[in-house]
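The exercises below concern how parts of a structure meet one another. Please work through each task with the sequence and the coordinates open, and then compare your reasoning with the solution.

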Amino acid sequence: MAMTLTIERVMAFMGLDVLVARDEGLFAAEGLDLRIAALPPDEIRSAAEGTPRTPATNQGKLMARGEAEMFQA
Amino acid sequence: MIVCGALVVAPTSTVYTPQELAGRPVALDYGNGTAYAGLQMLEGAMPRAAITTCAAPTSPAERFAGLMRGDFEATVLQEPWITVAEKAGCRLVSTTFFHGTWIAVPGVSAEAYAALLRALTRAVRRINADKRRYVSYFIRDWAGHSEVTSLGPDDFNLGRIQLKEPGPIPESEARWAWEWMASWGLLEGAFDATAQIDRRLERRAHELASI
């Protein structure tokens with residue numbers, strides 16, 4: 001039975017390795033069902049809404065509510 | 001994955017060095033790694049009191065647009081927007097690199113993490129063997145943005161695309177990052193390695209992942 005891991009969405013600038021591993025079947029070859037979860041568009045906040053000490057980041061939101069197990073910071 | 005961040009000014013800017021950004025507004029996407037990289041580049045060039053920042057959108061497309069409109073003097077960009085900016089005549093006044101760091105819930109198993117690490121290690125080796133082949137990934141992230149979709153693989157500076165096989169985070173680097181953020185008031189309390197890093201899980205996963 002495959003192991004499952006859900007991570008928050010990555011983009012090439014910080015997750016090229018993840019995207020290539022997914023597309024080339026490298027996770028599957030390791031018996032890992034890697035799922036990539038994205039925040040619904042209406043929940044995405046712009047960093048422009050934040051301040052240095054109270055940033056409006058989207059990172060970790062899905063993990064905080066149990067919908068992802070990992071994210072890349 | 002290693003992320004490249006660059007402080008970028010518009011083609012018409014009179015700024016050529018990071019020091020010349022003292023007292024001028026630099027747009028940062030607060031809360032993101034690129035913003036912290038931008039702050040560190042500025043800090044290396046001037047006293048903290050001279051650093052002047054303003055809030056910028058998370059999207060580098062919007063930061064690039066704001067830069068070209070003259071909304072601020074400089075901003076921090078990542079790929080493929082560094083390449084877009086250079087093509088538009090913008091100047092990079094500083095570049096830096098930083099690790100993307102995985103954050104996990106406590107329940108992730110060593111076996112699953114090891115499988116992730118093995119797959120990422122193989123991906124890193126494939127990409128490093130032929131980076132040019134994979135730069136299309138930077139373009140496809142931005143479908144609908146003509147500045148990006150008009151780029152070709154040869155436009156990219158491969159020196160800015162760096163990948164390193166995953167490894168344990170050195171405690172010293174984690175401590176420095178924590179203490180630096182605390183010095184800016186972004187974190188409170190003292191660094192506690194045992195609270196931040198599950199070394200037993202990390203060690204077991206990396207042992208299992210060894211290829």
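**Exercise 1.** Classify the mutual orientation of α4(B) and α10(B), and describe how the two helices meet.

*Solution.* α4(B) and α10(B) are oblique to each other, because angles under 35 degrees count as roughly parallel, over 145 as roughly antiparallel, 65 to 115 as roughly perpendicular and the rest as oblique. The helices, α4 (110-129) of chain B and α10 (residues 199-209) of chain B, pack at an angle of about 50°, with their axes 8 Å apart. Axes here are lines fitted to C-alpha atoms, for helices over the stretch in contact, and angles run from 0 to 180 degrees between N-to-C directions. Helices (H or I, at least four residues) and strands (E, at least two) are DSSP runs, numbered from the N terminus.

Next, take the residues: the contact involves, among others, Tyr113(B), Leu117(B) and Thr121(B) of α4(B), and Leu201(B), Ala205(B) and Leu208(B) of α10(B). Two residues are in contact if their C-beta atoms, placed from the backbone, lie within 7 Å.

The model is predicted, so that local features need pLDDT of at least 70 and side-chain atom pairs count only at pLDDT 80 or more, while totals for chains, interfaces and linings use all residues. Residues are numbered from 1 along each chain as its sequence is written, and chains are lettered from A and ligands numbered from 1 in the order in which they are written.

**Exercise 2.** Determine which element of chain B gives the largest share of the side that touches chain A.

*Solution.* Begin with the totals: the contact takes 40 residues from chain B and 37 residues from chain A. The elements of chain B that give two or more residues to its side are β3 (52-55), β6 (102-104), α4 (110-129) and α6 (136-140). Of that side, α4(B) provides the largest share, with 12 residues.

**Exercise 3.** Describe how β6(B) pairs with a strand of chain A.

*Solution.* The partner is strand β3 (residues 70-72) of chain A, which pairs with β6(B) in the antiparallel sense over 3 bridges; two strands pair if DSSP finds at least two bridges between them. Within this pairing, Met70(A) has Ala104(B) as its bridge partner.

**Exercise 4.** Describe how the two domains of chain B touch.

*Solution.* Domain 1 (2-98) and domain 2 (110-209) make up the division of chain B, with bounds from an automatic or database domain assignment. Their C-alpha centres lie 21 Å apart, and 10 residues of domain 1 are in contact with 14 residues of domain 2. On the domain 1 side, α3(B) gives the most, with 4 residues.
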